[in-house]
Amino acid sequence: MSSAVLRSAVGARATAATCAVVFDVDGTLLLSNRSLGSYELLPGASELLGMLRERRVPFVLLTNGSAYPPAEQAAKLRAAGLPVEDEQMLTPSSIAADLMRRRGIRRVLVLGLPGVGHALRAAGIETLYTGEPGATEVECVFVGWHPECGMKDIETACHAIWGGARLYVASDVPFFATKQGRTIGYSFAITAAIRRLTRVPMTLTGKPSLQALRFAARRLGVPVAAVAVVGDDPQVEILMARRAGATALAVTTGTTSREEWARQTDLRRPHHVLNDLREVLDWVAEAGAAPRAAASAALSSTKRKPCDVLE
Ligand SMILES: [Mg+2]
């Protein structure tokens, strides 16, 4: 019996079998240097992703960062030394594009850098920006990474919402970990201003929304309960994993120290705090738990095992 299965048997974690991994990026796999625009990989990050790939354990990187289109972000991470393919990089914009397309939204005001709207345009959704004709005549406002956001942007977004547009938000997280320490999440501040003025509800597309984890699980081809989420923030990755019934693994390299993890309760408490990122390997079943040949047969079965591949 492998160590992963053994842990499962003794009830060390929530799910019967974990066979795919969703990684947070900032504070978990790397620390970015905001002033230099560079990345410093955290110990074991590159080795771990390489070993998961070798063992054919599916994984994705799910960031709340929306500044770059997924392929561009993946290329930056590869250049920094992380073995990640374009399709393994998921951003809140990828999730927003999927949700909006399924909900029939075709015209969106984007508060963010051009990269924030890239995935929307790729999905055939028209994107408009503050100052463009018709910018307030949209079905939806999407707030993402927008370091230059000004009052004109907020005013335009409010007029769009008062005209009936819905509010979608990439990230509602106030802080994230960088080389410089705790850094402000711009979309949190922008969204706070817009909601204070309009009092509209919002649809969160990034973590900790269940939309985000479901999207990642679909990309991985496994049920949500078969996913291990690895992250540095109790209110982001751990909360998302716990609410979804996934396995929650915490690191101490980002926003949360070991002492702070020990103080977490209920849905913010991880199943395990990793001493080393490479310990993730102990928590996932070897690939082959879901042989591809068996996948189609599993789909027709009403009793699906956690590691059956959904394709
Ligand atoms: Mg993080």
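**Helix packing and sheet order in a predicted model**

The axes of helix α6 (residues 151–162) and helix α7 (residues 186–198) come within 10 Å of each other and cross at roughly 45°. At that angle, α6 is oblique to α7. The crossing in which α6 passes α7 is right-handed. On the α6 side, Ile154, Ala157, Cys158, Ile161 and Trp162 make the contact, and they meet Ile190, Ala193, Ile194, Leu197 and Thr198 of α7. Sorted by class, the contact of α6 with α7 comprises 9 nonpolar residues, 1 polar residue and no charged residues. As with everything described here, these helices belong to a predicted model, so a word on confidence comes next, where pLDDT is the predictor's own confidence in each residue.

The protein has an average pLDDT of 88, and 86% of the residues score at least 70. Two stretches call for some care. Over residues 1–16 the pLDDT stays under 50, and the model has 26 contacts beyond four places in sequence for this stretch. The pLDDT is also below 50 over residues 289–311, a stretch with 34 contacts in the model beyond near neighbours in sequence. Where pLDDT is low, the predicted coordinates should not be read in detail. With that caution in mind, the contacts counted for residues 1–16 and for residues 289–311 are reported here simply as features of the model.

Helix α4 takes part in two further packing arrangements. With helix α5 (residues 114–122), α4 packs at an angle of about 35°, and the two axes are 8 Å apart. The crossing of α4 and α5 is right-handed. Ser93, Ser94, Ala96, Ala97 and Met100 of α4 make this contact together with Val116, His118, Ala119, Leu120 and Ala122 of α5. By class, 7 nonpolar and 3 polar residues are found in the contact of α4 with α5, and no charged residues.

The other arrangement brings together α4 (residues 92–102) and helix α8 (residues 210–220), whose axes come within 10 Å and cross at roughly 95°. The two helices, α4 and α8, are therefore roughly perpendicular to each other. Here Ile95, Asp98 and Leu99 in α4 meet Gln211, Ala212 and Phe215 in α8. In terms of class, the contact of α4 with α8 has 4 nonpolar residues, 1 polar residue and 1 charged residue.

Turning to the strands, an open sheet of 6 strands runs in the order β5-β4-β1-β13-β14-β15, and its pairing is parallel. At the edges lie β5 (89–90) and β15 (272–273), each of which pairs on one side only. The parallel strands β14 (residues 247–250) and β15 are joined by 2 bridges. Within this pairing, Ala250 has Val273 of β15 as its bridge partner.

An open sheet of 5 strands, also with parallel pairing, follows the order β7-β6-β8-β9-β12. Its edge strands are β7 (126–128) and β12 (202–204), and each pairs on one side only. From one strand to the next, the twist averages 30°. Strand β9 (residues 166–169) pairs with β12 in the parallel sense over 3 bridges, and the bridge partner of Tyr168 in β12 is Thr203.

An antiparallel pairing is found between strand β10 (residues 175–178) and strand β11 (residues 181–184), which share 4 bridges. In this pair, Ala177 stands opposite Arg182 of β11. The connection from β10 to β11 is a hairpin through 2 residues.

Finally, two details of the backbone deserve a look. Most residues other than glycine have a negative phi, and most peptide bonds are trans. Against that background, Lys207 and Pro208 are joined by a cis peptide bond, with omega about 5°. Pro208 is located in the loop between β12 and α8, so this cis bond can be found by following the chain from the edge strand β12 towards the helix that meets α4. The second detail concerns Arg56, which is not a glycine and yet has a positive phi of about 60°. Arg56 is placed in the loop between α2 (45–54) and β4 (59–62), and β4 itself stands between β5 and β1 in the order of the 6-stranded sheet.

Technical notes. Residues are numbered from 1 along each chain as its sequence is written. This is a predicted model: local features need pLDDT of at least 70, side-chain atom pairs count only at pLDDT 80 or more; totals for chains, interfaces and linings use all residues. Two strands pair if DSSP finds at least two bridges between them. Axes are lines fitted to C-alpha atoms, for helices over the stretch in contact, and angles run from 0 to 180 degrees between N-to-C directions. Angles under 35 degrees count as roughly parallel, over 145 as roughly antiparallel, 65 to 115 as roughly perpendicular and the rest as oblique. A crossing is left-handed if the near helix is turned anticlockwise from the far one by less than a right angle, and right-handed if clockwise. Two residues are in contact if their C-beta atoms, placed from the backbone, lie within 7 Å. Ala, Val, Leu, Ile, Met, Phe, Trp, Tyr, Cys and Pro count as nonpolar, Asp, Glu, Lys and Arg as charged, and the others, Gly among them, as polar. pLDDT is the predictor's confidence in each residue, from 0 to 100.
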